[in-house]
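Work through these exercises with the structure open. Try each task before you read its solution.

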Amino acid sequence: MLTIDLYWSFRSPFCYLVTVPLRAMQKRYQVRINVKPVYPLVLRVPDYFLKADPKFFSYLLLDVARTAEMEGIPFGRPDPDPIVMEKSRKVAAPEQPYIYDITRMAMVAAEEGDAFPLVVAISTLIYAGTVRGWHEGSHLETATTAAGYDYAHLRGAARDNAEALDAQIAQHDADLSAAGHWGVPTMVFQGEPFFGFEKLDTLLWRMKQHGLEER
């Protein structure tokens, strides 16, 4: 069984898209996916998008939509965005009612053994384009329960241990930097980073060099 570290943010649509081929990889091969949640870049580097080229956002939306279409993956703009942005759309608002809870829930699941089914379930809820108001009602609980988790436990632990969980999430950010990247999704195998959806074939090739076996 080989292990990859998956650096993950719920704000990245490409993190959602990459779950589909990663799940297929996990079903076919002896591989463990160790999720390492991080907060979105707009929180980790608050001025990042202020310095970005104005075409950054329009290109990102184009690229994620066509990648989803090409791969046959359901996709829709999140409603709401997991990050509440200021009107400029370049700076995060002071109040963030969504991202902290779901990221800390993923951190709890990771610490307790396996967060990958959870991030698959919640990111699908947010990005598959089938649910409006994913944060409302029982949507999160239903998705979490269907993935095999105790929603009340994860939510409670996320809120009761926020400071310790945030420290671990910050450590993941440092680990990602030490591995040689800053963005998500980044898969790290034996210290080597593979950034983005398009690097999965390269990752698989590298893992086969290290004896990756089919199930």
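**Exercise 1. Which two helices each supply at least two residues of the lining of the second largest pocket?**

Step 1. Name the helices. They are α1 and α10. Helices here are DSSP runs of H or I with at least four residues, strands are runs of E with at least two, and both are numbered from the N terminus.

Step 2. Find the main contributor. α1 gives the largest share of this lining, 5 residues.

Step 3. List the lining. It consists of P21, L22, A24, M25, R28, Y29, E71, F197, E198, L200, D201 and L204. A pocket is an open set of points on a 1 Å grid over the protein atoms alone, where a 1.4 Å probe fits, with protein on both sides within 12 Å along at least five of seven lines; lining residues have an atom within 4 Å of a point.

Step 4. Add the volume. The second largest pocket holds about 210 Å³ of space. That volume is the space filled by probe spheres set on the points, which are joined across faces, edges and corners.

Step 5. Sort by class. The lining has 8 nonpolar, no polar and 4 charged residues. Ala, Val, Leu, Ile, Met, Phe, Trp, Tyr, Cys and Pro count as nonpolar, Asp, Glu, Lys and Arg as charged, and the others, Gly among them, as polar.

A note on the numbers: this is a predicted model, so local features need pLDDT of at least 70 and side-chain atom pairs count only at pLDDT 80 or more, while totals for chains, interfaces and linings use all residues. Residues are numbered from 1 along each chain as its sequence is written, and side-chain values use heavy atoms, without hydrogens or water.

**Exercise 2. Describe how α1 packs on α10.**

Step 1. Take the axes. Those of α1 (residues 13–28) and α10 (residues 200–209) come within 11 Å and cross at roughly 25 degrees. Because of that angle, α1 is roughly parallel to α10. (Axes are lines fitted to C-alpha atoms, for helices over the stretch in contact, and angles run from 0 to 180 degrees between N-to-C directions. Under 35 degrees is roughly parallel, over 145 roughly antiparallel, 65 to 115 roughly perpendicular, and the rest oblique.)

Step 2. Find the touching residues. V18, P21, L22 and M25 of α1 meet L200, L203, L204 and M207 of α10. Contact means heavy atoms within 4.5 Å.

Step 3. Class them. This contact has 8 nonpolar, no polar and no charged residues.

**Exercise 3. Classify two further helix pairs by angle: α5 with α6, and α7 with α8.**

Step 1. Start with α5 and α6 (residues 116–127). Their axes come within 10 Å and cross at roughly 160 degrees. The two helices are therefore roughly antiparallel.

Step 2. Look at the contact. I102, M105, A106 and A109 of α5 meet L118, V119, I122 and I126 of α6. By class, that is 8 nonpolar, no polar and no charged residues.

Step 3. Turn to α7 (residues 139–146) and α8 (residues 151–160). Their axes come within 9 Å and cross at roughly 115 degrees. That angle is why α7 counts as roughly perpendicular to α8.

Step 4. Check the side chains. L140, E141, T144 and T145 of α7 meet Y151, L154 and R155 of α8. This contact has 3 nonpolar, 2 polar and 2 charged residues.

**Exercise 4. Describe the largest pocket.**

Step 1. Its volume is about 1,000 Å³.

Step 2. There are 37 lining residues; R11, S12, P13, F56 and L60 lie nearest the centre.

Step 3. α4 gives the most, 8 residues. The lining divides into 24 nonpolar, 6 polar and 7 charged residues.

**Exercise 5. Locate the backbone features at P80, P185 and Q190.**

Step 1. The peptide bond from D79 to P80 is cis, with omega near 5 degrees. P80 sits in the loop between α4 and α5 (99–111).

Step 2. V184 and P185 are also joined by a cis peptide bond, with omega about 0 degrees. P185 sits in the loop between α9 (162–179) and β3 (186–189).

Step 3. Q190 is not glycine, yet its phi is positive, near 50 degrees. Q190 lies in the loop between β3 and β4 (192–195).
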